[in-house]
Amino acid sequence: MLEIRNNWFKSWFDTKYYHILYKHRNNEEASYFIRNLVNYLNIPPNSYVADIACGKGRHSLELSKFDLNVWGMDLSSNSILFAKENANDRTEFSVHDMRDPFPQKNFDYVFNLFTSFGYFEDSGEDYKCIENIATALKSGGYFIQDYINAKIVVSNFPQNETKVIDDVEFGISKIVNGKFIEKHIHVNHGEFEDDYMERVKMISKHELVEMYSKVGLKLISVFGNYNLEKFDEDSSSRIILIAQKI
Ligand SMILES: C[S@@+](CC[C@H](N)C(=O)[O-])C[C@H]1O[C@@H](n2cnc3c(N)ncnc32)[C@H](O)[C@@H]1O
């Protein structure tokens, strides 16, 4: 049980059911967010960028449309297979665990988008990821992290809900368990039934910035949604942090 709890992210994100449940997190959303970020950061064409925990590569592909060279990596081999099928001359995808040192370095920008962080029981492993990201950046390069605003997630909790998407029934219950927000997901799809779990650590903006400062990342700006409006802990849907390697 402890093994399942600690390694849930290896299995759940690799299933088709994760992608069905989150199908509204689509290319259109990625396109809008990336356009806003590229404009705000004024990213020059031909820059080298990494998309850490890229999933099926929706942000990577959008970045490549701005003539950027993108390395997308993810732990899920099914997602990377999908990303490779849609790759172009500017994109490269690999299966990689973000806790391990990155095989590529010298990036101008590193992205970590849509809550692709805070999964690990041991906070030392969260720190390891941030350290790997800082090491992979060129001096003066930027790190862009898009994380949940836990305060809002918890205050908006429907504790239990049932959703039917593409003929799949998802029975979902959310709880706070220690420092984690846990989503228990019961999947019912014809003959198939199974239980999954998703858990994300409640890490505040302050705690993220503290981790950054230990690895030489200096906070530049903080936004609260994909329109890049100002962050407000009591109302923003996201915490979007932009930091620079000093
Ligand atoms: C919420 S999804 C977001 C995916 C993608 N960024 C997007 O917006 O579509 C989180 C991703 O983190 C990946 N992931 C989880 N643990 C990981 C690890 N240790 N190393 C690399 N990727 C990981 C999952 O496989 C999943 O694709």
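Me: Let's fix one term first: a polar contact is a pair of N or O atoms within 3.5 Å; within protein, one must be able to donate a hydrogen and the other to accept it, and residues adjacent in sequence count only if both atoms are side-chain atoms. With that in hand, how far is a backbone N or O atom of Leu113 from a nitrogen atom of the ligand?

Reply: Keep in mind that this is a predicted model: local features need pLDDT of at least 70, side-chain atom pairs count only at pLDDT 80 or more, and totals for chains, interfaces and linings use all residues. Residues are numbered from 1 along each chain as its sequence is written, and side-chain values use heavy atoms, leaving out hydrogens and water. For Leu113, the backbone N or O atom sits from a ligand nitrogen at 3.1 Å.

Me: And how much of the ligand's exposed area does the protein bury?

Reply: Taken alone, the ligand exposes 590 Å² (Shrake-Rupley method, 1.4 Å probe; for residues, only the protein chains shown count as cover). Of that area, the protein buries 96%.

Me: Which residues come nearest to the ligand?

Reply: There are 20 residues around the ligand, counting a residue as near if one of its heavy atoms lies within 4 Å. Two of the nearest ones make polar contacts: a side-chain N or O atom of Arg58 is 2.8 Å from a ligand oxygen, and a polar side-chain atom of Asp97 is 2.9 Å from a ligand nitrogen. The nearest are Ala53, Arg58, Asp74, Asp97 and Met98.

Me: By class, how many residues of the shell around the ligand are nonpolar?

Reply: Ala, Val, Leu, Ile, Met, Phe, Trp, Tyr, Cys and Pro count as nonpolar, Asp, Glu, Lys and Arg as charged, and the others, Gly among them, as polar. The shell has five polar and four charged residues, and its nonpolar count is eleven.

Me: Is Arg199 buried or exposed?

Reply: Arg199 belongs to strand β9 (residues 192-201); strands (E, at least two residues) and helices (H or I, at least four) are DSSP runs numbered from the N terminus. Its side chain makes polar contacts with those of Glu121 at 3.0 Å and Glu182 at 3.3 Å. Buried means under 20% relative accessible area, exposed over 50%, and partly exposed in between (1.4 Å probe, protein chains only). Arg199 has 4% relative accessibility, so it counts as buried.

Me: Which side chain does the side chain of Asp126 contact?

Reply: Asp126 lies in helix α6 (residues 123-136). At 1% relative accessibility, Asp126 is buried. The polar contact, at 2.6 Å, is with the side chain of Lys201.

Me: How many disulfides does the structure hold?

Reply: A disulfide here is a pair of cysteine sulfur atoms within 2.5 Å. The sulfur of Cys54 has its closest cysteine sulfur, in Cys129, 14 Å away, so a bond is out of reach. Cys54 is buried at 6% relative accessible area, and Cys129 is buried at 0%. The disulfide count is zero.

Me: Which residue is the bridge partner of Phe143 in β11?

Reply: Strand β11 (residues 238-245) has seven of its eight residues buried, so the rest of the structure largely encloses it. Two strands pair if DSSP finds at least two bridges between them; β11 pairs antiparallel with β5 (residues 137-148) over seven bridges and with β10 (residues 217-223) over six. On the β10 pairing, Ser221 stands opposite Ile242. The partner of Phe143 is Ala243.
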